[in-house]
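Please open the structure in a viewer and keep the sequence panel visible. The tour proceeds by selections, each followed by a short account of what is found there.

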Amino acid sequence: MIKKEIKGAFYIAWKDLKTYYLKAPNISWGIMFPIVMALAFVLRNPGEIKELIPGLIALSILFASTSAEAIVIVFERRTKTLERLLLTPLSIESILFGKVIGGVVFGFLISGVFLIGSVVFLGTSISNFISLILSLLISALVFSVFGTFVSVYVKEIFDAMTLANFFRFPMIFLCGVFIPVSSMPSFIRPLAYVFPLTYSVDLIRFFLTGTYDVVNPLIGVTVLIVYSVILFYLSVFTLKRRVE
Amino acid sequence: MNNVIEVVNLTKYYDNFLAVDHINFEVKKGEIFGFLGPNGAGKTTTIKMLTGLAKPSEGTAKIDGKDIVKQIVEIKEIIGVVTEDSNLYDELSVVDNLNFMGQLYGVPKMERERKIEELLKRFGLENKKNVKFAKLSKGMKRKVTIAAALVHKPKMLFLDEPTTGLDILSARVLRSMIRELNRAGVTIFLTTHYIEEAEQLCDTVAIIVNGRIKTSDIPRNLILKTKTRNLEEAFIEITGLREEIILAEKGGEINKV
């Protein structure tokens, strides 16, 4: 039974990757947006690009994992294909897990593009490769689940974008992507601790450079996992309520 | 067990609105059961409850002896459902859509491929198998949607308004397919607006009006009971639509507006 549910989730993820994620607009959005943001910063402060790498990788995961994820379920509700999925013997948990995996894989692939690019072109060194890969996956998980929650919660695609951006844009400036959290004014720091991007940037920084800015990496991993679990079950609960 | 569906006092409220009001009926194994009623009578809500898309507010129902609330996963494995909309994936080809559905129902690869080939042949879709779903005509989409509901070899098929919006030819082809499926042993639960379609296809019909079942019998008996010439007239009599029709013909609808 569990095997069937897991296989079903992976079939949904593979279908989503084929039909939604691996399309030119999504790929270009996932790659272009962080590059443009970084360029704007680097033009002002040339020579600091290397310091931005952890934040840029985390940002690429945030935008890649949430760009399609935040609208997939709203879109499928409109086309009634979500109803088609709900008619299968799979549980709502497995259906949503499949949706999350799609976002995780896409976010991870896009972050890989940035990682390889920074190693090849900027000579970025990696302190712990395996842990870095795990931190990319955990980051992709939390942002993909966030996208899923947005998608389940709203009714229209426009609302999904509005809600996703309500959280995404403040995160860009508050979570240590461009300015380390420790260098921020103390009254802003509590806000930074609320957002998962802070812990994602910090983890990636630690496994690239060996130093962290905000919290011990173990605490960072725990926070991201707790965020993922809470948002996932909130998504399951919300969708179940909608069905009933 | 002769009854494949047994419905007892099934009820559904949407907030304070009573959509389905304590309905009772049975569907026999191997029959085509027609569930008829005017728009908004509660047909789709009933199907949604029987297929796990909505939770009943009161009452119970069993499909193949299994409870629709407690054993819905087991029920979903043995039923196929074709909703009002052709709700497959536009971006996937016909064969990829069928394959995806088979995967979700856990049909093993070899069996799935064999079944898909058989369905493509039966529904005359062989030359369309690599065409994207979005590119198909409405009639073709309907056929593929029905085929997708059959990949896991269901014992029972729910068809919600299967011929609505189709041209005469496509509708005729679909009706003959429904008969063929039924001859192959699939019990069919059909809702339709087209009463002549129900008369041609159904062994038994139930008529629902304002969430309540008015009657359930074989079409011939309904015609005899109402002393009418055909099922359409019997339907008008039973649903009380005659007065509304006379009013509309006299322009009553316009006056109402």
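Begin in chain B by selecting strand β1 (residues 3-14) and strand β4 (residues 58-63), which run antiparallel and are joined by five bridges. The model is a predicted one, and every stop on this tour should be read with that in mind.

**The four-stranded sheet of chain B**

Within the pair just selected, two residue pairs may be labelled. B:V8 has B:T60 of β4(B) as its bridge partner. B:T11, in turn, has B:E58 of β4(B) as its bridge partner.

Next, add strand β5 (residues 66-67) of chain B to the selection. It pairs with β4(B) in the antiparallel sense, over two bridges. Label B:K62 and B:D67 here: the latter, in β5(B), is the bridge partner of the former. Between the two strands of this hairpin lie two residues, and B:D64 takes a positive phi near 55°.

Now display the whole sheet to which these strands belong. It is an open sheet of four strands in chain B, ordered β2-β1-β4-β5, and its pairing is antiparallel. Which strands stand at the edges? They are β2 (17-28) and β5 of chain B; each has a single partner strand, so one side of each is left without a neighbour in the sheet.

**The six-stranded sheet of chain B**

Move on to another open sheet of chain B, which has six strands. Their order is β6-β7-β8-β3-β9-β10, and the pairing is mixed. The edges are occupied by β6 (79-82) and β10 (212-217) of chain B; because each has a single partner strand, one side of each lacks a neighbour in the sheet. From one strand to the next, the twist averages 15°.

Inside this sheet, select strand β3 (residues 32-36) and strand β9 (residues 204-209) of chain B. These two pair in the parallel sense over four bridges. B:F35 may be labelled together with B:A206 in β9(B), which stands opposite. Then add helix α9 (residues 231-239) of chain B, which packs on the sheet and touches β3, β9 and β10 of chain B. The direction of helix α9 of chain B makes about 35° with that of β9(B).

**The contact between the chains**

Show both chains and turn to the region where they meet. The contact draws 19 residues from chain B and 17 residues from chain A. On the side of chain B that touches chain A, α2 (72-78) and α3 (94-104) of chain B each supply at least two residues. Coloured by type, the residues on that side of chain B divide into nine nonpolar, five polar and five charged.

**Chain A**

Finally, select chain A alone. What secondary structure does chain A have? There are eleven helices and zero strands.

View chain A as a C-alpha trace: along its principal axes the trace spans about 55 × 40 × 35 Å. The radius of gyration of chain A is 18 Å, which agrees with the value near 18 Å that a compact globule of 244 residues would have. Of those 244 residues, 48% count as buried. Among the contacts in chain A with a separation of 6 or more, 81% are accounted for by residues 24 or more positions apart.

As a last step, colour chain A by pLDDT. The mean is 90, and 100% of the residues of chain A reach 70 or more. Among the elements of chain A, helix α7 (residues 129-153) has the highest mean pLDDT, 95, and helix α2 (residues 24-44) the lowest, 78.

Definitions and conventions: Residues numbered from 1 in each chain as written. Chains lettered and ligands numbered in written order. Predicted model: local features only at pLDDT ≥ 70, side-chain atom pairs only at ≥ 80, totals over all residues. pLDDT = per-residue confidence, 0-100. Pairing = 2+ DSSP bridges. Axes fitted to C-alpha atoms, helices over the stretch in contact; angles between N-to-C directions. Contact = placed C-beta atoms within 7 Å. Nonpolar A, V, L, I, M, F, W, Y, C, P; charged D, E, K, R; others polar. Rg over C-alpha atoms; globule rule 2.2 N^0.38 Å. Buried ≥ 20, exposed ≤ 12 C-beta atoms within 10 Å, placed from the backbone.
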